Amino acid sequence: MARKNSLRDFQAYLAGRLSDAAQGQAGTSWLGIEIGGEGWLIDLADSGEIILAPQIAPVPLVQPWFAGMANVRGNLFAVSDFSAFLGTQPTPHNANARLLLIGVRHGSNAALLVPRMLGLKKPENFVPQADDENFPDWGKQRFSDSEDRLGRKLAVRELLADRTFMNIDIKKNLQFSPLRASKEN
């Protein structure tokens, strides 16, 4: 029972921080997520609303990383499994999975399905590292924390402008895996 209360408290706290950030009242914060063992950081203002992963309706003839469509309070969102898009294991549909409604701020009903939240992070606790030039612009910026763990910063606007991410048609055969590409080089 205590676990449910602490999860509710965390969700209420996070919802308050998101609301403050949207209204410009909060200092800069990042939201941490984990994909395939790698940490990712998203500007709190760009992360959008975070919800438990709802039922997702599959769509035929699309890229394998496109999870489908989700109805969130009467609005349809195109859901991409960010783990699968990066070439790692698809996000398991369990209690840890979350949906980040990243596109709303940018005029798009795009959402990312992510396997694990790492909570709020303070940018001042991270040190910039050399950019990963083998990675697209939306994910090449890297940071390390006080324990020398590397993390990438997700540039949401650039991701939403990326043709590979936005083109879900399987006929285009735009299989992209930045993790595989960076390991090959």
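## A tour from the core outwards

Start with the largest nonpolar core of this predicted model. That core has 27 residues. Select Trp 40, Phe 82, Leu 100, Leu 112, Trp 138, Leu 154 and Leu 159, the residues with the most contacts inside it. Now colour β1 (30-35), β2 (38-43), α3 (82-85), β8 (110-114) and α4 (156-161). Each of these elements gives two or more residues to the core.

A second core lies apart from this one. It has eleven residues, among them Ile 51, Ala 70, Val 79 and Leu 99.

**Leu 112.** Centre on this residue and show what it touches. Leaving aside neighbours within four places in sequence, Leu 112 is in contact with Phe 82, Leu 100, Leu 154 and Leu 159, among others. Its contacts also include Ser 80, Arg 98, Leu 99, Ile 102 and Phe 165.

**Ser 80.** Move on to strand β6 (residues 75-81), where Ser 80 is placed. Is Ser 80 buried or exposed? Its relative accessible area is 4%, under the 20% cut-off, so Ser 80 is buried. Beyond four places in sequence, Ser 80 touches Trp 65, Phe 66 and Ala 67. It also touches Ala 111, Leu 112, Leu 113 and Phe 165.

**The aromatic pair.** Stay with Phe 165 and add Phe 85. The ring centres of Phe 85 and Phe 165 are 5.3 Å apart. Their planes stand at 80°, so the pair is edge-to-face. Phe 85 lies in helix α3 and Phe 165 in helix α5 (residues 163-166), so the pair ties together parts that are 80 residues apart in sequence. Phe 85 is buried, at 0% relative accessible area. Phe 165 also counts as buried, at 4%.

**The aromatic cluster.** Widen the selection to Trp 40, Trp 65, Phe 82, Phe 85, Phe 135, Trp 138 and Phe 165. These residues form one aromatic cluster. Across the whole structure, a search finds twelve aromatic pairs. Next, pick Phe 135 and Arg 152. The charged end of Arg 152 sits over the ring of Phe 135, 3.9 Å from the ring centre.

**The sheet.** Switch to a cartoon view. Look for an open sheet of six strands, in the order β9-β1-β2-β12-β11-β10. Its pairing is mixed. At the edges are β9 (116-121) and β10 (127-129), each pairing on one side only. On average, neighbouring strands are turned by 35° against each other, direction ignored.

Finish at β2 and strand β12 (residues 150-154), which run parallel and are joined by four bridges. Select Gly 39: opposite it stands Gly 151 in β12.

Methods. Residues are numbered from 1 along each chain as its sequence is written. This is a predicted model: local features need pLDDT of at least 70, side-chain atom pairs count only at pLDDT 80 or more; totals for chains, interfaces and linings use all residues. Side-chain values use heavy atoms; hydrogens and water are left out. A nonpolar core is a set of buried Ala, Val, Leu, Ile, Met, Phe, Trp, Tyr and Cys residues joined through side-chain atoms within 4.5 Å. Buried means under 20% relative accessible area, exposed over 50%, partly exposed in between (1.4 Å probe, protein chains only). Contact means heavy atoms within 4.5 Å. Two strands pair if DSSP finds at least two bridges between them. Axes are lines fitted to C-alpha atoms, for helices over the stretch in contact, and angles run from 0 to 180 degrees between N-to-C directions. Rings of Phe, Tyr and Trp (its six-membered ring) pair if their centres lie within 6.5 Å; planes under 30 degrees apart count as stacked, over 60 as edge-to-face and the rest as tilted. A charge sits over a ring if NZ of Lys or CZ of Arg is within 6 Å of the ring centre and within 35 degrees of the ring normal.
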